[in-house]
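Please load the model in your viewer and keep a selection tool at hand, since this tour moves from one selection to the next.

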Amino acid sequence: MQNNGNRIRIAMLASGTGTNVENFIRYFASHAQIDISLVVSNKADALVLSRAVNAGIPHLVIRNDQWNDPDLVLGIFTESRIDFIVLAGFLILVPAFLIRQYPDKIINIHPALLPQFGGKGMYGRHVHKAVLESGNPLSGISIHLVNERYDEGRLLFQTTLAVDPADTPESLATKIHKLEYEHFPRVVEAYILTGTC
Ligand code: GRF
């Protein structure tokens, strides 16, 4: 799968704000071996696309209905010589044909401690609200490989933080985002370069 050049090319998939994508762009900006080479969104008005524009990273939209088209989707990733795919707030299920094309090379982050608080519909505020309602004293982040079911691929890395009884979904989201910025690029880098995190 790796391209012929020396450098390793990551495509990032995101549906929304894209602060993690921006953090990856910053982290890998002058990396010796790895580039953020493409940003893909399923939403034409997603803020993540402006971040790609500002950083001068190639970007494009694959609409929800187009993700079922193997020729179109595989064509884009092959043409861009993508080696690894990283999801950061990407809200549609990755199609099986793409997973087969990139075995153990698609990585996602989930803003809670899987296997709890995952699955379809568990994204963004919904996750943090469910964590708070559970009374669980801990939350955290889960970085995992992507398989054909939401949030069920092999875990690569987890770390926790304490939930404050006074937390709201918004305050918890802010703390979780900080944890994501601190660990996500580093974990992806280690996984790509060494196979462990
Ligand atoms: C992150 O919390 C990530 O864990 C989840 O979606 C959120 C994306 O945030 N999968 P942002 O768009 O990177 O700010």
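Which helix supplies the largest share of the lining of the largest pocket? Select helix 6, residues 169-194, which gives 6 residues and with them the largest share of that lining. Please bear in mind throughout that this is a predicted model.

**The largest pocket**

Keeping helix 6 selected, add helix 1 (19-27), strand 5 and helix 5, because each of these four elements supplies at least two residues of the lining of the largest pocket. Then colour domain 1 (1-103) and domain 2 (110-142 + 154-197) separately: both give residues to the lining, so the pocket lies between them. To find the middle of the pocket, select G89, F90, L91, Y123 and G124, which lie nearest its centre among the 39 lining residues. The space in this pocket comes to about 890 Å³, and by class its lining holds 16 nonpolar, 16 polar and 7 charged residues.

**The loop between strand 5 and helix 5**

Next, select the loop that runs between strand 5 (106-110) and helix 5 (124-134), where P115 is found. Display the backbone here, as the peptide bond that joins L114 and P115 is cis, with an omega of about 10°. In the loop between strand 5 and helix 5 you will also come to F117, which has a positive phi of about 60° although it is not a glycine. Is F117 buried or exposed? With a relative accessible area of 14%, F117 is buried.

**The loop between helix 3 and strand 4**

Move now to R81, in the loop between helix 3 (70-79) and strand 4 (84-87). R81 likewise is not a glycine and has a positive phi, here of about 50°, but this residue counts as partly exposed, at 44% relative accessibility.

**Aromatic rings**

For the last stop, select F24, Y27, F28 and F184, which ring pairs link into a cluster. The count of aromatic pairs in the model comes to 5. One of them joins Y27 and F28 in an edge-to-face arrangement, with 4.9 Å centre to centre and 75° between the planes. The two partners can be told apart by their accessibility, since Y27 is partly exposed at a relative accessible area of 37%, whereas F28 is buried at 2%. Finally, select K105 together with F84: K105 lies over the face of F84, at 5.4 Å from the ring centre.

Methods:
Residues numbered from 1 in each chain as written. Predicted model: local features only at pLDDT ≥ 70, side-chain atom pairs only at ≥ 80, totals over all residues. Heavy atoms only, no water. Buried < 20%, exposed > 50% of the residue type's maximum accessible area, 1.4 Å probe, protein only. 1 Å grid on protein atoms, 1.4 Å probe; cavity = no way out; pocket = protein on both sides within 12 Å on 5 of 7 lines; lining within 4 Å. Points joined across faces, edges and corners; volume = space filled by probe spheres on them. Nonpolar A, V, L, I, M, F, W, Y, C, P; charged D, E, K, R; others polar. Domains from an automatic or database assignment. Phe/Tyr/Trp six-rings, centres within 6.5 Å; stacked < 30°, edge-to-face > 60°. Lys NZ or Arg CZ within 6 Å of the ring centre and 35° of its normal.
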